Amino acid sequence: MSRALMPLANGAAARLEEVPVWPVRLFRDRVLEAAFEGARLVALLPLAQPRGSGRELLAVLAQDHRGTLLLGAGDLEGASAYPAFTPEWPQAQAFERDLWESRGLLPEGHPWLKPLRFPRLPDGQTIPASYPYFAMEGAELHEVAVGPVHAGIIEPGHFRFQCHGEKVFHLEIQLGFQHRGWRGLMAGAPPARRAVLAESLAGDTAVGHAVAWAMIEEALGAILVPPRSQALRAVALELERLANHTGDLGALAGDVGFLPSASYLGGLRGDCLNLTQRLCGSRMGRGLVVPGGVRFDAPAALAEEVAGSLSRTWRSIEEAAGLLFDASPVQERFQGTGAVGREVAEALGLVGVAGRASGCDRDARRDHPAGFYRFAQIPPQTLASGDVYARAVVRFLEMRQSFEFLEGHLRALPQGAVGVPAKKARSGHVAAALVEGWRGEIAHVAVTGASGEMASYEAVDPSFHNWMGLAMALRDQAISDFPLCNKSFNLSYAGHDQ
Amino acid sequence: MIRTLKTRWRLGRRTRPFPPRENPLPERFRGLPALDPSRCEPGCSSCADACPTGALVLEGSPRLDLGRCLFCPQCAEACPSGAVQFTRDYALAASTRESLVVYGEARPAVEVLGRRLRRLFGRSLKLRQVSAGGCGGCEAELNATSNVDYDLGRFGVQFVASPRHADGMVVTGPVTRNMEEALRRTYAAIPEPKLVILVGACALSGGAFEGSPAVTGMPADIPVDLFIPGCPPHPFTLLDGLLRLIGTRKG
């Protein structure tokens with residue numbers, strides 16, 4: 001019996017039989033040992049085709065400082081319950097609620113097994129009616145319920161605030177309204193359909209999820225992607241980051257009533273999307289990524305044109321965002337609002353902008369570089385204060401890095417082909433891919449069956465890690481600061497609900 | 001204050017006329033498909049085989065249902081003879097679901113509202129948006145229609161916070177089982193007379209999620225006035241459809 005979890009590089013595949021399997025209690029010990037040494041949970045899923053007699057649980061961890069993923073499996077030996085990770089490892093909380101709700105496994109000792117997505121509500125039953133929310137009692141307390149339909153063009157979710165006057169003691173976030181059965185569709189779909197499903201998991205991260213999916217197909221098919229297409233994927237990822245961060249700064253400006261930046265940044269976000277559209281025909285970057293490379297090349301003239309437009313757009317972004325950061329009333333509203341301390345952020349395993357704003361120094365582009373990021377480094381930007389201000393500043397710093405990356409690399413794309421033919425997936429393999437999307441770490445994990453079919457396909461949007469962070473940010477805040485805090489996280493409902 | 005004014009002066013006015021005098025969309029933009037059956041090779045079904053959502057079918061010649069099309073462009077890529085191509089034409093909306101099927105010379109068309117509704121809504125239309133499983137793509141483009149570039153508000157069309165203040169409902173997403181009730185309640189809360197506008201392939205057909213047990217689709221008993229295809233639709237496609245419906249844009 002192997003002593004250690006199996007290392008796997010980001011974007012690689014291994015034969016499933018090489019993944020060590022232990023009885024579930026030993027498995028739990030192995031995983032927690034790695035966790036105490038700093039490994040984070042990336043995915044936790046039951047194998048659709050277990051190797052032993054009973055059910056089998058596969059854990060994928062990220063060991064950031066060594067730049068490796070760690071895989072291990074636990075054999076439940078016929079049982080459908082196992083001792084939960086969450087009491088010792090809070091970042092497992094949503095993963096284990098998912099196992100309980102959708103996979104029929106009971107994580108024993110989980111402190112709060114509440115529904116995650118309500119995937120199988122009986123006909124006619126609605127979410128709030130069927131679930132007892134956490135409630136505080138007292139003559140001076142009151143409860144505020146918001147959603148699922150909100151006042152604006154925004155995805156649906158339900159928020160319950162336990163308040164004393166203006167002050168929020170506790171926010172409970174109940175999602176699931178967006179649940180579309182993505183996971184079930186993805187495993188059974190032919191590759192052409194998988195492409196559009198990957199792009200539709202979270203529509204504002206179409207490129208990020210498409211790249212992660214393509215990495216999985218490439219790892220399972222054992223194909224190498226030419227450098228030029230790797231570079232074009234990175235270009236699309238950084239454009240996606242620049243566009244969304246620009247839009248987020250505009251929305252934050254709007255939420256504190258600072259209209260000059262709100263108006264201009266909203267439009268300038270569109271200019272970034274239009275650059276993606278010039279490269280691939282879609283403002284969201286749909287249709288660009290294919291297994292084996294990219295569908296559209298960027299000939300020198302087009303790349304130069306995009307780089308030129310980008311420089312002009314960036315000057316305007318810098319100016320409009322500069323106004324925001326120089327306005328003292330804006331700083332007053334941003335600073336100290338919705339703070340999440342580093343200890344809480346680490347315990348919950350926050351990723352991406354929200355994590356880095358709370359001092360969690362992690363970024364898949366540096367820690368687990370794949371594709372073009374192996375050659376072009378972008379160092380992570382972290383702040384310590386964990387408040388709305390930090391989340392805004394981290395965005396602005398990352399926007400500058402994305403611009404510099406794009407300006408440099410658009411004019412110096414590697415030569416060669418933009419794609420190689422995709423190949424059929426190898427049977428009995430497991431593959432894992434991490435991509436640092438604009439919101440944070442995107443993880444895809446797939447396991448193939450005996451004839452190379454997708455037996456399991458799991459995608460973890462960064463929002464899945466971060467929604468609990470938003471709930472924590474609201475502790476002891478004024479309820480009127482909720483829109484601002486929510487915007488500063490800007491999480492995906494669809495990405496969480498799948 | 002002075003710096004703010006200076007910045008505003010330097011960044012200038014961004015709002016552009018709509019419709020634009022010349023189509024500014026880039027060469028690779030995928031709008032209205034152009035199908036040329038005369039180029040089809042006998043026995044070839046590459047386009048239909050490549051389509052991930054069954055939007056493109058062969059009934060003698062190719063027929064493409066824009067309500068299902070994700071503009072992905074796997075059909076055009078698979079076609080060996082250029083019989084399936086996408087043009088830069090962004091006018092894609094239609095008043096009936098059937099007229100979204102493109103073949104031969106047939107193309108989608110929007111019928112302007114009747115006189116009574118046009119008198120009510122022609123110069124002031126307030127809409128309540130409901131995302132019912134939308135991935136965020138259609139929502140982002142609907143938000144973009146209200147920004148300084150596209151400025152839908154100048155035509156009297158605005159998105160409002162409450163269904164009680166609305167003249168109609170805009171639905172995005174394939175309508176999940178978990179959102180159906182909320183969608184119905186929102187619809188019921190809008191005072192009569194009211195319009196319903198479906199935006200994006202998911203709302204029109206289920207899109208990439210068609211056939212999922214977690215998705216119910218748009219309730220059949222809610223009448224629909226306008227269908228706007230796309231994945232997601234470009235803001236121009238949204239403006240074009242909405243303005244044709246209220247009669248602000250003709251021809």
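This is a walk through the pockets, one helix pair and the cavities of a predicted model.

Let us start with the open spaces. The largest pocket has a volume of about 1,600 Å³. Its lining is made up of 50 residues, and those nearest the centre are I153(A), I154(A), A251(A), K487(A) and N143(B). If you want to find this pocket by its secondary structure, look on chain A for α6 (227-255), α7 (259-280) and α15 (482-489), and on chain B for β6 (125-131), α5 (137-145) and β7 (157-159); these are the elements that give two or more residues to the lining. Of the elements involved, α6(A) gives the most, with seven residues. As for chemistry, the lining divides into 21 nonpolar, 19 polar and 10 charged residues.

Next comes the second largest pocket, which holds about 750 Å³ of space. Here 27 residues form the lining, and D271(A), N274(A), R14(B), R16(B) and D149(B) lie nearest the centre. The elements that give two or more residues to this lining are α7 and α8 (300-326) of chain A. Helix α7(A), already met in the lining of the largest pocket, gives the most to the second largest one, with seven residues. By class, the lining of the second largest pocket has 12 nonpolar, six polar and nine charged residues.

Now let us turn back to α15(A), which also lines the largest pocket, and look at a helix that packs against it. Two packed helices are described by the angle between their axes and the distance between the axes. For α14(A) (residues 462-473) and α15(A), the angle is about 150 degrees and the axes are 10 Å apart. Because angles over 145 degrees count as roughly antiparallel, α14(A) is roughly antiparallel to α15(A). The crossing of α14(A) with α15(A) is right-handed.

Which residues in α14(A) and α15(A) meet? On the α14(A) side they are N466(A), W467(A), G469(A), L470(A) and A473(A), and on the α15(A) side F482(A), C485(A), N486(A) and F489(A). The residues of this contact divide into six nonpolar and three polar, with no charged ones.

Finally, there are the enclosed spaces. The structure holds 10 cavities of 30 Å³ or more. The largest cavity has a volume of about 200 Å³. It is lined by 19 residues, and the closest to its centre are G281(A), F29(B), R30(B), C231(B) and P232(B). Sorted by class, the lining of the largest cavity has nine nonpolar, six polar and four charged residues.

The second largest cavity has about 100 Å³ of space. Among its 13 lining residues, E240(A), N244(A), L273(A), R283(A) and M284(A) lie nearest the centre. Two helices from the pockets return here: α6 and α7 of chain A are the elements that give two or more residues to the lining of the second largest cavity. Of these, α6(A) gives the most, with five residues. The lining of the second largest cavity has seven nonpolar, two polar and four charged residues.

To retrace the path with a single helix, follow α6(A): this helix gives the most to the lining of the largest pocket, and α6(A) also gives the most to the lining of the second largest cavity.

Technical notes. Residues numbered from 1 in each chain as written. Chains lettered and ligands numbered in written order. Predicted model: local features only at pLDDT ≥ 70, side-chain atom pairs only at ≥ 80, totals over all residues. Heavy atoms only, no water. 1 Å grid on protein atoms, 1.4 Å probe; cavity = no way out; pocket = protein on both sides within 12 Å on 5 of 7 lines; lining within 4 Å. Points joined across faces, edges and corners; volume = space filled by probe spheres on them. Helix = DSSP H or I, 4+ residues; strand = E, 2+ residues; numbered from the N terminus. Nonpolar A, V, L, I, M, F, W, Y, C, P; charged D, E, K, R; others polar. Axes fitted to C-alpha atoms, helices over the stretch in contact; angles between N-to-C directions. Parallel < 35°, antiparallel > 145°, perpendicular 65-115°, else oblique. Left-handed = near helix turned anticlockwise from the far one by under 90°. Contact = heavy atoms within 4.5 Å.
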